[in-house]
Amino acid sequence: MTDGTHGGVGQDGDGIQWLLEIGGPSTGRPGTSRSSMGGPGTDGEVGGVVFARGITPAELAHRMGADPATATEPISDTEIRDLDIDVYRPGDDGDGVIRVGACAGWSFAIEYGDSTGGELLTEIARDGAEVVHFRPMPERRPALLDYARDGAVLCGFGLGEERWRWGQEPDLLVPDLVAAGVLEADGVTSGDPGREPDGAARRRTLGAVERRFGLSLPRDAFGGLRLPAYAVRGTPGMALY
């Protein structure tokens with residue numbers, strides 16, 4: 001299959017700890033007018049990944065602002081560069097595009113350009129849906145992670161700054177972070193005060209979230225895996241050259 005469902009990528013995928021390797025959104029500087037791959041080791045325009053449980057990939061796209069009737073034919077991450085995406089548009093919204101699929105019981109949307117996952121988090125999570133949103137934020141560390149359910153953001157934190165949390169239930173994931181050695185039992189003290197590389201500590205945080213929710217994404221989602229794409233903001237040109 002080419003739509004990114006279980007039959008296409010497998011039930012388990014590759015977990016989510018490897019998401020620390022992806023690039024992040026461009027800062028929107030003038031002259032930034034094309035999206036780029038954003039895969040591991042690159043400084044592309046991947047703004048984040050939205051995981052949603054309880055809704056289909058098409059419904060996820062709809063809740064992020066897409067017209068359900070406007071999906072492209074399945075395209076790869078590399079082919080995103082062939083779309084006419086204007087990330088920076090003075091005085092107006094930039095263009096936002098997503099590619100959607102499903103893995104391990106969760107729908108997912110990979111965000112490119114000026115996407116909508118962050119601001120529409122509660123809308124995506126309405127009617128009992130669960131949502132995990134990861135934003136790499138390479139130019140404005142830390143990377144951010146939010147969990148929402150049934151129309152409310154329950155908890156969120158920055159990777160490496162787990163002691164500072166927000167949401168209606170900010171301590172919801174503290175037991176998982178303590179079990180992973182990210183935090184001490186008080187939920188405040190770092191479980192690793194500088195004794196291991198920065199990236200390793202962040203991987204343990206993503207590992208805790210991965211295990212708690214059963215999240216997974218195939219690495220090939222940032223390679224040759226072909227997924228339908230949608231415009232969610234602005235007026236991107238969605239035709240491949």
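How many bridges join β1 to strand β4, and in which sense do the two run? In this predicted model, strand β1 and strand β4 (residues 130-135) are joined by 5 bridges and run antiparallel. Within this pairing, Val-50 has His-133 of β4 as its bridge partner.

The pair belongs to a wider arrangement. The protein contains 5 helices and 8 strands, which follow one another along the sequence in the pattern α-β-α-β-β-α-β-β-β-β-α-α-β. An open sheet is formed by 8 strands, in the order β7-β6-β5-β4-β1-β3-β2-β8, with antiparallel pairing. The edges of this sheet are occupied by β7 (161-166) and β8; each has a single partner strand, so one side of each is left without a neighbour in the sheet. From one strand to the next, the twist averages 20°. In general, the strands of a sheet pair through backbone hydrogen bonds, in either a parallel or an antiparallel sense.

Strand β2 (residues 96-103) illustrates how a strand is placed within this sheet. On one side, β2 pairs with strand β3 (residues 106-113) in the antiparallel sense over 8 bridges. The two strands form a hairpin with 2 residues between them, and Ala-104 in the turn has a positive phi of about 55°. Strand β2 is also joined to strand β8 (residues 229-233) by 4 bridges, and these two strands likewise run antiparallel. Ile-98 takes part in both pairings: Glu-111 stands opposite Ile-98 in β3, while Tyr-230 is the bridge partner of Ile-98 in β8.

The burial of β2 was examined next. Of the 8 residues in this strand, 8 are buried, so β2 is largely enclosed by the rest of the structure. Both faces of the strand are covered. One side carries Gly-96, Ile-98, Val-100 and Ala-102, and the other carries Val-97, Arg-99, Gly-101 and Cys-103, all of them buried. For Cys-103, the relative accessible area is 1%. Cys-155 is buried as well, with a relative accessible area of 1%. The count of disulfides in the model is 0.

Over the whole protein, buried residues make up 50% of the 241 residues. The exposed area is about 10,100 Å², of which carbon and sulfur atoms supply 48%. Among contacts with a separation of 6 or more, 64% are between residues 24 or more positions apart.

Aromatic side chains provide an example of such a link across the sequence. The count of aromatic pairs comes to 3. One of them joins Trp-18 and Phe-222 in an edge-to-face arrangement, with 5.5 Å from centre to centre and 80° between the planes. Trp-18 lies in the loop between α1 (6-9) and β1 (46-53), whereas Phe-222 lies in the loop between α5 (198-213) and β8, so the pair ties together parts that are 204 residues apart in sequence. Trp-18 and Phe-222 are both buried. Elsewhere, ring pairs link Trp-106, Tyr-147 and Phe-213 into a cluster.

Definitions and conventions
Residues numbered from 1 in each chain as written. Predicted model: local features only at pLDDT ≥ 70, side-chain atom pairs only at ≥ 80, totals over all residues. Heavy atoms only, no water. Buried < 20%, exposed > 50% of the residue type's maximum accessible area, 1.4 Å probe, protein only. Contact = heavy atoms within 4.5 Å. Areas by Shrake-Rupley, 256 points an atom, 1.4 Å probe, with all protein chains shown as cover. Pairing = 2+ DSSP bridges. Phe/Tyr/Trp six-rings, centres within 6.5 Å; stacked < 30°, edge-to-face > 60°. Axes fitted to C-alpha atoms, helices over the stretch in contact; angles between N-to-C directions. Disulfide = S-S within 2.5 Å.
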